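This report goes through one chain, from its charged pairs to its helices and surface. Please keep the sequence and the structure at hand while reading.

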Amino acid sequence: MSALDESGSKLLRKAKENPFVPAGLAGFCAIAGYRLWKLKDRGNTKMSIHLIHTRVAAQGFVVGSIIVGVLYSMYRDYVVKPREAAAALKNKGT
């Protein structure tokens with residue numbers, strides 16, 4: 001197996017563990033691409049201000065995606081797993 005195959009499978013494994021990272025990356029690319037495409041229609045706004053707004057919007061999406069991913073991970077670790085463990089103990093006792 002080549003290094004490319006190993007890194008590809010590692011990327012897929014990481015994406016399966018935390019699906020919000022690829023979603024954040026895709027959202028970042030989509031927002032940045034859309035805002036750069038709309039660069040010609042910015043009106044009388046300075047280019048530097050338009051690019052700053054583009055960066056802030058894209059970074060905001062990524063940060064929001066990370067926050068949602070962390071909350072989902074905490075929910076899974078602290079709510080779902082203890083429920084499953086309690087159910088397993090209850091079933092084991094009967």
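How many salt bridges does a search of the whole structure find? The search gives 2 salt bridges. The model is a predicted one, and the values below are computed from it.

**Salt bridges**

Side chains of opposite charge can pair when their charged atoms come close. The two pairs are listed here.

| Lys | Asp | Closest N and O atoms |
|---|---|---|
| K38 | D41 | 3.6 Å |
| K81 | D77 | 3.6 Å |

Both distances fall within the 4 Å cut-off for a salt bridge. In the first row, K38 is partly exposed, at 28% relative accessibility. In the second row, K81 and D77 both belong to helix α3 and are 4 residues apart, so about one helical turn separates them. K81 is partly exposed at 48% relative accessibility, and D77 is also partly exposed, at 31%.

**Overall make-up**

The chain contains 3 helices and 0 strands. Read from the N terminus, its elements follow the order α-α-α. Of the 94 residues in the chain, 10% are buried.

**Helix α2**

Helix α2 covers residues 20-37. The helix has 18 residues, and from its first C-alpha to its last it reaches 25 Å, close to the 26 Å expected at 1.5 Å a residue.

Which residues of α2 are buried? They are G24, G27 and A32. These residues cover an arc of only 125° around the axis, so they lie on the same side of α2. On the face turned away from that buried side, α2 carries the exposed residues L25, C29 and W37.

L36 is also located in helix α2. Its relative accessible area is 45%, so L36 counts as partly exposed. L36 and L51 are 15 residues apart in sequence, while their C-alpha atoms are 8.0 Å apart in space.

**Aromatic pairs**

A pair of aromatic rings is described by the distance of the centres and the angle of the planes. Rings pair here if their centres lie within 6.5 Å, and by this rule the count is 2 aromatic pairs. One of them joins Y34 and W37, with 6.3 Å from centre to centre and 50° between the planes. Is this pair stacked, edge-to-face or tilted? Planes under 30 degrees apart count as stacked and those over 60 as edge-to-face, so the Y34 and W37 pair, at 50°, is tilted.

Y34 and W37 both lie in helix α2, where they are 3 residues apart, about one turn of the helix. Y34 has 46% relative accessibility and is therefore classed as partly exposed. W37 has a relative accessible area of 55%, which makes W37 exposed.

**A nonpolar patch on the surface**

Which residues form a nonpolar patch on the surface? The patch is made of V63, I66, I67, V70, L71, M74 and Y78. Together these residues have about 710 Å² of accessible area. One of them, V63, lies in helix α3, which runs over residues 47-93. V63 is partly exposed, with 46% relative accessible area. That value is over the 30% needed for a residue to count towards a patch.

Methods: Residues numbered from 1 in each chain as written. Predicted model: local features only at pLDDT ≥ 70, side-chain atom pairs only at ≥ 80, totals over all residues. Heavy atoms only, no water. Phe/Tyr/Trp six-rings, centres within 6.5 Å; stacked < 30°, edge-to-face > 60°. Helix = DSSP H or I, 4+ residues; strand = E, 2+ residues; numbered from the N terminus. Buried < 20%, exposed > 50% of the residue type's maximum accessible area, 1.4 Å probe, protein only. Patch = residues over 30% accessible without salt bridge, like charges linked within 9 Å, V, L, I, M, F, W, Y side chains within 5 Å. Areas by Shrake-Rupley, 256 points an atom, 1.4 Å probe, with all protein chains shown as cover. Salt bridge = Lys/Arg side-chain N within 4 Å of Asp/Glu carboxyl O. Expected span 1.5 Å × (residues − 1). Arc of directions from axis to C-beta.
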